[in-house]
Amino acid sequence: MERARPPRWQPPRLCLSSGKGGVGKTSLAVNLAFALADQGIRVLLVDGDLGLANVDVLLGLEVGATIREVLTQDLDPRAVLIQVAPGLAVLPAGSGVAELANLSREDQTHLGRLLAGLARDFQVVLVDTAAGLGPAVLWFNTWAHHNLVVVTPDPTSLTDAYALIKVLSRSYRRRRFLVLPNLVASEAEGERTFAALSQVAARFLEVELNYLGSIPADPAVQQGVREQLPFVQAAPRAAASRAVASVAAQVLGSIGLWHSSPQEEAGS
Ligand SMILES: Nc1ncnc2c1ncn2[C@@H]1O[C@H](COP(=O)(O)OP(=O)(O)O)[C@@H](O)[C@H]1O
Ligand SMILES: [Mg+2]
């Protein structure tokens, strides 16, 4: 049973980023969303990769209107949502619209208000973001209450994850980051990857990094992409699926479902 919510209550918002592309943000955002929804939690998954949307591709969705039309044609964002499973809705983005990734100040304010209104129907909001440190990536990270950084053992991924954390901490006063190593060969490699990032962050930045566990390199992930199905459903016993389920439990523990926002809504 749900308790009555305070008037300005907002569900926790968790933003997945990495700096580097191709490290598994979209795959993990989609599958984490399914894993949370499987536990009876109402999840809104926002495709925050506004120029090169991928969430719809991973799920084989037919997309009509997107965040772009919501912003440019004042569409009701509820009309754009796609219900992909009981308790899981996707707010799709478009592809090939480079200017939206530059999210102007005006668009940021507008989007912040629309998303906050939409979010109230859900218990948690996940945002998948683009690669790089563009304005939309930074905005979604500051709009979110929790920042999850996906990283792989690849040194270039570590460097880019560090750059993202540096910008968010120095320029946007973010202090706490959840770190999720992906594509690891073993749990030990996940731990080493986290340790490498932590050491350099502790030395140069005032941040707290929290380890969420790691996701192994697993053919079930690529299979899921090819079949346009979430691997946690198509292959629930696969190593990556079990790891995502464990990360979902960790995420719930660290974000707290009844968290109410200490921050004012973006733009208000
Ligand atoms: N744990 C994993 N095991 C195997 N392949 C993975 C894993 N995570 C991601 N991939 C593969 O890496 C590629 C990039 O993943 P994607 O989620 O699109 O990354 P991003 O959103 O960071 O660009 C995809 O082909 C995906 O199947
Ligand atoms: Mg992606």
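Which residue just after α1 takes a positive phi? In this predicted model, the residue is G40, whose phi is about 85°. The helix that precedes G40 is described below, after an account of the chain as a whole.

The chain contains 11 helices and nine strands. Its radius of gyration is 17 Å, close to the 18 Å that the globule rule gives for 268 residues, so the chain is as compact as a globular protein of that length. The C-alpha trace spans about 50 × 40 × 40 Å along its principal axes. Of the 268 residues, 45% count as buried. Contacts between residues at least 6 apart in sequence were also examined, and 78% of these join residues at least 24 apart.

The average pLDDT of the chain is 92, and 93% of the residues score at least 70. Over residues 259-268, by contrast, the pLDDT is below 50. Beyond near neighbours in sequence, this stretch has 19 contacts in the model. Where pLDDT is low, the predicted coordinates should not be read in detail.

The surroundings of ligand 1 consist of 18 residues, of which the closest are G24, K25, T26, S27 and V221. Three elements each supply at least two residues of this shell: helix α1 (25-38), strand β7 (176-184) and helix α9 (219-227). By class, the shell has nine polar, seven nonpolar and two charged residues.

Helix α1, one of the contributors to the ligand shell, is mostly covered, with 13 of its 14 residues buried. At 1.5 Å a residue, these 14 residues should span 20 Å, and the end C-alpha atoms are indeed 20 Å apart, so the two values agree.

Helix α5 (residues 105-119) was considered in the same manner. It has 15 residues and reaches 21 Å from its first C-alpha to its last, close to the 21 Å expected at 1.5 Å a residue. The buried residues of α5 are D107, L111, L114, L115, A116, L118 and A119. What covers them includes three strands, β1 (13-17), β2 (43-48) and β5 (124-129), together with the helices α3 (67-72) and α4 (77-80).

Strand β7, which also supplies residues to the shell around ligand 1, holds both P181 and L183. P181 has 30 other C-beta atoms within 10 Å and is therefore buried, the cut-off for a buried residue being 20 or more. Leaving aside residues up to four places away in sequence, P181 touches V151, T152, P153, G190, T193, F194 and S214. P181 and R192 are 11 residues apart in sequence, and their C-alpha atoms are 9.4 Å apart in space. L183 is likewise buried, with 24 other C-beta atoms within 10 Å. The phi of L183 is near 60°, a positive value in a residue other than glycine.

A positive phi in a residue other than glycine also occurs at Q228, where the angle is near 55°. Q228 is placed in the loop between α9 and α10 (231-234). With 13 C-beta neighbours inside 10 Å, Q228 counts as partly exposed, whereas L183 is buried.

Two further residues, one in a helix and one in a loop, were examined for their surroundings. I165 lies in helix α7 (residues 155-172) and is buried, with 25 other C-beta atoms within 10 Å. Not counting residues up to four places away in sequence, I165 touches V149, F177, A201, L205 and V207. I165 and E189 are 24 residues apart in sequence and 21 Å apart in space, C-alpha to C-alpha.

V63 lies in the loop between α2 (55-59) and α3. It has 18 other C-beta atoms within 10 Å and is therefore partly exposed. When residues up to four places away in sequence are not counted, V63 touches D56 and P92. The C-alpha atoms of V63 and V43 are 19 Å apart in space, and the two residues are 20 apart in sequence.

Methods:
Residues are numbered from 1 along each chain as its sequence is written. Chains are lettered from A and ligands numbered from 1 in the order in which they are written. This is a predicted model: local features need pLDDT of at least 70, side-chain atom pairs count only at pLDDT 80 or more; totals for chains, interfaces and linings use all residues. A residue is near a molecule or strand if its C-beta atom, placed from the backbone, lies within 6 Å of it. Helices (H or I, at least four residues) and strands (E, at least two) are DSSP runs, numbered from the N terminus. Ala, Val, Leu, Ile, Met, Phe, Trp, Tyr, Cys and Pro count as nonpolar, Asp, Glu, Lys and Arg as charged, and the others, Gly among them, as polar. The expected span of a helix is 1.5 Å times one less than its number of residues. A residue is buried if 20 or more other C-beta atoms lie within 10 Å of its own, exposed if 12 or fewer, and partly exposed in between; C-beta atoms are placed from the backbone. Two residues are in contact if their C-beta atoms, placed from the backbone, lie within 7 Å. The radius of gyration is taken over C-alpha atoms; the globule rule is 2.2 Å times the number of residues to the power 0.38. pLDDT is the predictor's confidence in each residue, from 0 to 100.
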